[in-house]
Amino acid sequence: MSADALISRLAGVRAVGPRRWIARCPAHEDRHPSLAVRELEDGRVLIHDFGGCGVTDVLSAIGLGLSDLYPDRALGDHLPRERRPFDAAAVLSCVGFEVEIASVAADNLANGITLSDIDRDRLRVAAVRLRNAEELAHGLLR
């Protein structure tokens, strides 16, 4: 399956570079795009949800499986491992947004404003996304 076929099943899709997109994750209530999609030169499609959803959860939410991320290959045709699934600019863009969420919450708390349940839940999402970005960065640096 091509990335075009995958992203046609997603909402809120926006191109962030050549063969790179960000979209709302179909596996959770996602008001801000958290799902990164990248198509490699050889046709493989990589996905990562900064909201914390697993690949199989994302794919099953749109009726796909893991095999749909790979192009059809002849038996014995091996693909090289991709070490850098997302570029630093895409990761930093997501991190910057989540830091802004945390900053607003910190300012509210510093000014004595109690966070609502919705605000606390969104702050938890920001924390998960920032941890995921950190893990991704460690994977990229190895």
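## Leu35 and its surroundings

Let's start with one residue, Leu35, in this predicted model. Setting aside the neighbours within four places in sequence, Leu35 touches Leu10, Trp21, Ile22, Ala23, Arg24, Cys25, Pro26, Asp30, Ile47, His48, Asp49 and Val58.

Leu35 also belongs to the largest nonpolar core, a group of 16 residues. Leu35 is listed there among the residues with the most contacts inside the core, along with Leu6, Leu10, Val37, Val45, Ile47 and Leu59. Helix H1 (3-7), strands S2, S3 and S4, and helix H2 (55-61) each give two or more residues to this core. H1 provides the largest share, with three residues. A second, separate core has seven residues, including Ala36, Phe50, Cys94 and Ala133.

## The chain as a whole

Stepping back, the protein chain holds four helices and four strands. Read from the N terminus, the elements follow the pattern α-β-β-β-β-α-α-α. Of its 142 residues, 30% count as buried. About 8,600 Å² of the chain is exposed, and carbon and sulfur atoms supply 54% of that area. Among contacts with a separation of 6 or more, 53% are between residues 24 or more positions apart.

## The sheet

The four strands form an open sheet in the order S1-S2-S3-S4, with antiparallel pairing. Strand S1 (11-17) and strand S4 (45-49) are at the edges and have a single partner strand each, so one side of each has no neighbour in the sheet. On average, neighbouring strands are turned by 20° against each other, direction ignored.

Now for one pair of strands. S2 (residues 20-24) and S3 (residues 35-39) run antiparallel and are joined by four bridges. Arg20, for example, has Arg38 in S3 as its bridge partner.

## Salt bridges

Side chains of opposite charge can pair when their charged atoms come close. Here there are seven salt bridges. Glu98 takes part in one with Arg122, where the closest N and O atoms are 2.9 Å apart. This pair links helix H3 (residues 88-110) to helix H4 (residues 117-141), with the two positions 24 residues apart in the count along the chain. Glu98 also forms a salt bridge with Arg129, again with closest N and O atoms 2.9 Å apart. Glu98 is in H3 and Arg129 in H4, so this pair ties together parts 31 residues apart in sequence.

Are these residues buried or exposed? Glu98 is buried at 4% relative accessibility, Arg122 is buried at 14%, and Arg129 is buried at 4%. Together with Asp30, these residues are linked in a network of salt bridges.

Technical notes
Residues are numbered from 1 along each chain as its sequence is written. This is a predicted model: local features need pLDDT of at least 70, side-chain atom pairs count only at pLDDT 80 or more; totals for chains, interfaces and linings use all residues. Side-chain values use heavy atoms; hydrogens and water are left out. Two strands pair if DSSP finds at least two bridges between them. Axes are lines fitted to C-alpha atoms, for helices over the stretch in contact, and angles run from 0 to 180 degrees between N-to-C directions. Buried means under 20% relative accessible area, exposed over 50%, partly exposed in between (1.4 Å probe, protein chains only). Contact means heavy atoms within 4.5 Å. Accessible areas come from the Shrake-Rupley method with a 1.4 Å probe; for residues, only the protein chains shown count as cover. A nonpolar core is a set of buried Ala, Val, Leu, Ile, Met, Phe, Trp, Tyr and Cys residues joined through side-chain atoms within 4.5 Å. A salt bridge is a side-chain nitrogen of Lys or Arg within 4 Å of a carboxyl oxygen of Asp or Glu.
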